[in-house]
Structure formats: C-alpha cells, structure tokens
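Got your viewer open? Let's walk through this one together, one selection at a time.

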Amino acid sequence: MSRSVKTRRTLAASLALVLAGFGVTTALAPAMAETVSNGLQVVGGQAGPDAAFKRIGTVRRTAVTTAAARTATASTSYTFSTLLNGQPVRWDPCTPIRWTANTARGPAGGLEVLQEAVTRIAQVTGTTWQYVGASTANATSAYLPKSAQASYPPVLLGWTDGASSDLLAGQAKSVLGMTRTAWFGLQRPDGSKVAATRAAVIALDSADTLPLRGATSWKALALHELGHVMGLGHVGDRTQLMANVLPPVTDLQAGDRAGLVRVGRTAGCVVVK
Ligand SMILES: [Zn+2]
C-alpha cells in the first residue's frame, strides 16, 4: 500500500518539473464550438498524448515522501487531463465502453494482457467494458473523430511504432506508449459546459521489449495508458503508476485508484444534453 503525503500544490509543482525535464508536451486542442438550434453550443476537444517513459535509474524518495504518512484519507496523488467547470472530463460511466485491440505487432500473449488491464480498470472505475473483437486499424490520431457524431469507434489499443503512427513519431526511444482522447459536449446559454469522453486511442510502441506482466511491463503500461483514457493526467509522485516514468509496480497505486474513482461510476452518470 502506497501512501502519499504530498499536497496537490506540491504535486502540481513536481509535475511541472517532470514535464520540463522530459520535454513532454501535453497538447490540448482549442475547444471547437458551433451553434446548434436550441441555443446550446457544441464543444469538444482532445487531450494528450502524454508519453510514458521507461524507468531510468533509481527513483530517489524525497524527504517529503518519506515523512510520516497521512492515514485514513484517500490519496491525492492524481491529476486530471482536462477540467470543465472544475470537474474532470470523463466517460459516461453508466454506458458500456466498447474497445478493440490490434495486437498483430505485439508480443505473443499481448491480447490477454490488455484484457487483464481493461478488466482491472473496469473494476476500479465501476465501468463496463465490451470487447468488440480484433482490429486492423493503426493506432494514430486519425482514428479519433473530429466532431460529435451519433456513434463513436471503440477504444483502440494497438501496437505500432514511430514510423507508422504520428502518436509515436519523433518521440524519444524511451517512450513506451501514447494515448489521445476526444471529448464532446455542450455549452449551455449560461456558459456552463457538460461533456463526455467519447473516443480514445492508445499507441503501444512495438519497438520496446517489455515483459508481459510484472513490474515495468506491458500490463503496467496498459494500465497507465488506460488511466489516461479514463481522464487521468500525469502525477509528480513517482510511486504512482500515473507518473510519467513507469514505476516498478505491477498494479494501480493508491493515488491512481483514488483518481479513477473520481472519474468512475460512483461519481455519477454523465448526461450530455
Ligand atoms: Zn502517460
């Protein structure tokens, strides 16, 4: 059990340092807006990609993280990718999330590992995930819809590489995976906004050799990227799976789980209307 004693303020500062140190850019497309007949405006955008890196060297715990741990309260070691009206943009947890996988370029046993990761995310968030079968689609940003539509493609998890996917092109060799999500919603006449994540794509770098399971594995990476899919951002606390350098852990940590609960079923349904 990992406990965090960092405050959100400390985390924010740490995150900025981490991002600067690795040159990660978190691209946030400007919200697209168009007027619809009832006075509502259509809004939408994309979050990510956030690179996940291999663990490099030994993680040194700071005096802050080794100080007496807080007890009995949920960890605050998490961040959200996108906020609207101060609330995280998330899937409607009351609607099943469909997903597919392209494992043609992945390791043997890759699909089972992805299924395990999805099952774990579903468990922690209280969401229902439906596997719709294998996909031959390449995990690129073009997979995502650019505007709100009646139906959306399933969440795609696929092994690819920098030569084939813009999500991985130009990234450092230590980058293991990238996730991009798309969200759409409405802005009401009073200015308030409501939106839901509608699509996501995860690009797993087939050029990397990771074990299937265990610490710093494809399973751990899939959990990290699925955390992004659900709406989590990177956190400066390097003991969490949502740190941008993959920590040597095999499962979601306390902060990861606390963040996932806030974007999951217990946070209520997301109704965009
Ligand atoms: Zn990440």
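Start by selecting strand S6 (residues 97-102) and S7 (residues 129-134): the two run parallel and are joined by four bridges. Strands count as paired here if DSSP finds at least two bridges between them. To see one of these partnerships, pick Arg 98, which stands opposite Gln 130 in S7. The names S and H follow DSSP runs, numbered from the N terminus: helices are H or I runs of at least four residues, and strands are E runs of at least two.

Before you go further, know that this is a predicted model, where local features need a pLDDT of at least 70, side-chain atom pairs count only at pLDDT 80 or more, and totals for chains, interfaces and linings use all residues. Residues are numbered from 1 along each chain as its sequence is written.

Now add helix H3 (residues 110-125) to the selection: S6, H3 and S7 make a right-handed β-α-β unit. Right-handed means that, with the strands pointing away from you, the path from the first strand over the helix to the second runs clockwise.

Is S7 covered or bare? It is hardly covered, and the count of buried residues among its six residues is zero. (A residue is buried if 20 or more other C-beta atoms lie within 10 Å of its own, exposed if 12 or fewer, and partly exposed in between, with C-beta atoms placed from the backbone.)

Next, go back to S6 and select S8 (155-160). Four bridges join S6 to S8, again in parallel, and Trp 99 has Val 155 as its bridge partner in S8. S8 is mostly covered, with six of its six residues buried. Val 155, Leu 157 and Trp 159 point one way from S8, while Leu 156, Gly 158 and Thr 160 point the other way.

Keep S8 on and add S10 (193-205). These two run parallel with five bridges between them; click Leu 157 and you'll find its bridge partner, Ile 202, in S10.

Leu 157 and Ile 202 turn up again in the largest nonpolar core, which has 59 residues; along with Leu 221 and Ala 222, they touch the most other members. Such a core is a set of buried Ala, Val, Leu, Ile, Met, Phe, Trp, Tyr and Cys residues joined through C-beta atoms within 7 Å. Helix H4 gives this core its largest share, eight residues. Zoom in on Leu 221: leaving aside neighbours within four places in sequence, its contacts include Ala 52, Leu 176 and Leu 246. (Two residues are in contact if their C-beta atoms, placed from the backbone, lie within 7 Å.)

Then select helix H5 (residues 254-262), where the buried residues include Asp 256, Arg 257 and Leu 260. H3 and H4 are among the elements covering the buried residues of H5.

Time for two loop stops. Most residues other than glycine have a negative phi. Asn 85 has a positive phi of about 55° and sits in the loop between S4 (83-84) and S5 (87-88). Thr 216 has a positive phi of about 50°, in the loop between S10 and helix H4 (218-230).

Finally, colour by pLDDT, the predictor's confidence in each residue, from 0 to 100. The protein averages 81, and 77% of the residues score at least 70. Over residues 1-37 the pLDDT is below 50, and it stays under 50 over residues 55-72.
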